[in-house]
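Here is a set of exercises to help you find your way around a protein you haven't met before. Try each task by yourself, then read the solution.

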Amino acid sequence: MGVVYHYGLADFQTIAAGAAVLASGGGGSYQDACSILQELASQGWSGTVTVQDYDGATNACVLAIMGSPDAADSLTLSAVQNSISNTVAVMEASTGAVLSALIPVEIGPINSLVPLIGAAMSQGAVWVVNGDGAGRAVPELPQTTYTGGEQLAPCPAALASDASTLADLETAVLGASSAARVETLAGGVVAGFGGYSGIAMWPSNASNGFALSGSYLAGTLEQARGLGQFLLQAATPPATAIVANTITTLTGRSASAVVTNFFITSVTQSTSSASLDSGIIRLDNTQDPAQSTETHYLYNLNESLITYSSASTSPDVIAPDSICYYSESTGRGFSNASDDLALYFDATMGKSTGQRVSVIAVKAAPQLYNTPGVVASFAALLRNMGYAGAMPAA
């Protein structure tokens, strides 16, 4: 079983901070995560949640919030709790198996917390698996290691709104043969719910031999906690290169700075019919882009997927490798959600706030890269963005 951890509120806070860097710009808003954890503290929660490796003998599933971070802007604790309880209830009814363990779909400020909050709500009846399906956040379900388990079917997939009463509750149970089909079907459901939804899928129980075993990246929650602890305990914001070295040490994945202390000078964002935010972030080495001598562009679909330099004919970073935000001005990471970007870019004035921003490239976890279909799925998204070049080597 490996090491058993007991995470309290301070650990939740460090996980959110670490995930805000590691998530490649996605996985939910860091500002929302901080607000939700403040609410949890105000409620007086002072318990702990057990976090450990999957034991291959416990009813479990993947649990997340799905959809547009901007649609979920100003997400509240009650909305998250309602989404969790509604979704878990639908999943349990669909499988006939009471859930005793939950695992994040990805690493992200919100989606790393969702199973932890679900376990906290259970008063000890549910624990959390120390892992996730990507070691980063991903735009769509097929870009996870969960798709590589032959016995780990994606369905039933349960979706539920954040309604607080049965009269207002909206739910859906999807049946499909692949995560790609679930993604397609769920897009319309999530949009109908208002742009975001709770989702539970990839059930692991006796009927499939507890097939979650071997289908996830182990240890990633603890990696996010370690990075967040490093950032939150620093007396002054660490240098970007030091943060990159810390990521390498904690994750075993090569990390290096792509740009250091640039400024966000332009943000173009929109939300698609499938409830995904897409956009382009421009970074310059001066606050005034007219005076800039170096420019980089980050293209995102919720998560940042590719970044280019104006001085190069090849991309700086291509997914599934991660494009991670970090700021030496604030000592924190952040996401592409509008409320996170607002600290670094004044959308009303259309200019940088003066807060410096760095980008760290982190190699994809080998297990993610080698999961059949994952690279092809990322490549399809990149082609839709207009990139037709080669994908990075493992």
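The exercises below walk through a predicted model, from its domains down to single side chains.

**Exercise 1: the two domains**

Task: Find the domains and say how many residues each one puts into the contact between them.

Solution: Start with the bounds. The domain assignment gives domain 1 (4-218) and domain 2 (237-385). Next, take the C-alpha centres of the two domains, which lie 24 Å apart. Finally, look at the contact itself: domain 1 gives 42 residues and domain 2 gives 38 residues.

**Exercise 2: the largest core**

Task: Work out which residues touch the most other members of the largest nonpolar core, and where the core's residues come from.

Solution: The largest nonpolar core has 56 residues. Those touching the most other members are F12, V49, L113, L116, I247 and I360. Now ask about their origin. Helix α1 (residues 9-22) supplies the largest share of this core, 9 residues. The core also draws on both domains, with at least three residues from each of domain 1 (4-218) and domain 2 (237-385).

Zoom in on L116 to finish. Once you skip its neighbours within four places in sequence, L116 is in contact with Y7, F12, I15, V49, V51 and V128. There's a second, separate core too: it has 31 residues, among them A101, I103, A157 and V189.

**Exercise 3: a covered helix**

Task: Decide whether helix α4 (residues 113-121) is mostly covered or mostly open.

Solution: Count the buried residues. In α4, 8 of the 9 residues are buried, so the helix is mostly covered. Here they are by name: L113, V114, P115, L116, I117, G118, A119 and A120. Then step just past the end of α4, where you'll meet Q123 with a positive phi of about 55°.

**Exercise 4: two faces of a strand**

Task: Sort the side chains of strand β8 (residues 171-174) by the face they point to.

Solution: Go along the strand one residue at a time. T171 and V173 point to one face and are not buried, while A172 and L174 point to the other and are buried. This fits a general pattern: side chains in a regular strand alternate between the sheet's two faces. Then find the neighbouring strand. β8 pairs with strand β7 (residues 157-160) in the antiparallel sense, over 4 bridges. In one of these strands, β8, V173 is the bridge partner of A158.

**Exercise 5: aromatic pairs**

Task: Describe how the rings of Y54 and W127 sit, then do it again for Y146 and W202.

Solution: A search of the whole structure turns up 7 aromatic pairs. Y54 and W127 make a tilted one, with 6.5 Å centre to centre and 35° between the planes. This pair links distant parts of the chain: Y54 is in the loop between β2 (49-52) and β3 (60-67), W127 is in strand β5 (residues 127-129), and they are 73 residues apart. Both Y54 and W127 are buried.

Y146 and W202 also form a tilted pair, at 5.0 Å centre to centre and 40° between the planes. Y146 lies in the loop between β6 (131-132) and β7 and W202 in strand β9 (residues 196-204), so this pair ties together parts 56 residues apart in sequence. Are these two buried or exposed? Buried means under 20% relative accessible area. Y146 has 0% relative accessibility, so it counts as buried, and W202, at 1%, counts as buried too.

Elsewhere, ring pairs join Y325, F334 and Y344 into a cluster.

**Exercise 6: two asparagines in loops**

Task: Find out what the side chains of N302 and N285 reach.

Solution: Take N302 first. You'll find N302 in the loop between β13 (295-301) and β14 (303-309). Its relative accessible area is 7%, so N302 is buried. The side chain of N302 reaches the backbone oxygen of G67 at 3.2 Å.

Now turn to N285, which lies in the loop between β12 (277-284) and β13. N285 has 25% relative accessibility, so it counts as partly exposed. Its side chain makes a polar contact of 3.1 Å with the side chain of S292 and one of 2.7 Å with the side chain of T293. Leaving out neighbours within four places in sequence, the contacts of N285 include F262, F263 and E294.

Notes
Residues numbered from 1 in each chain as written. Predicted model: local features only at pLDDT ≥ 70, side-chain atom pairs only at ≥ 80, totals over all residues. Heavy atoms only, no water. Core = buried A, V, L, I, M, F, W, Y, C linked by side-chain atoms within 4.5 Å. Buried < 20%, exposed > 50% of the residue type's maximum accessible area, 1.4 Å probe, protein only. Domains from an automatic or database assignment. Contact = heavy atoms within 4.5 Å. Pairing = 2+ DSSP bridges. Polar contact = N/O pair within 3.5 Å; in protein donor to acceptor, adjacent residues only side chain to side chain. Phe/Tyr/Trp six-rings, centres within 6.5 Å; stacked < 30°, edge-to-face > 60°.
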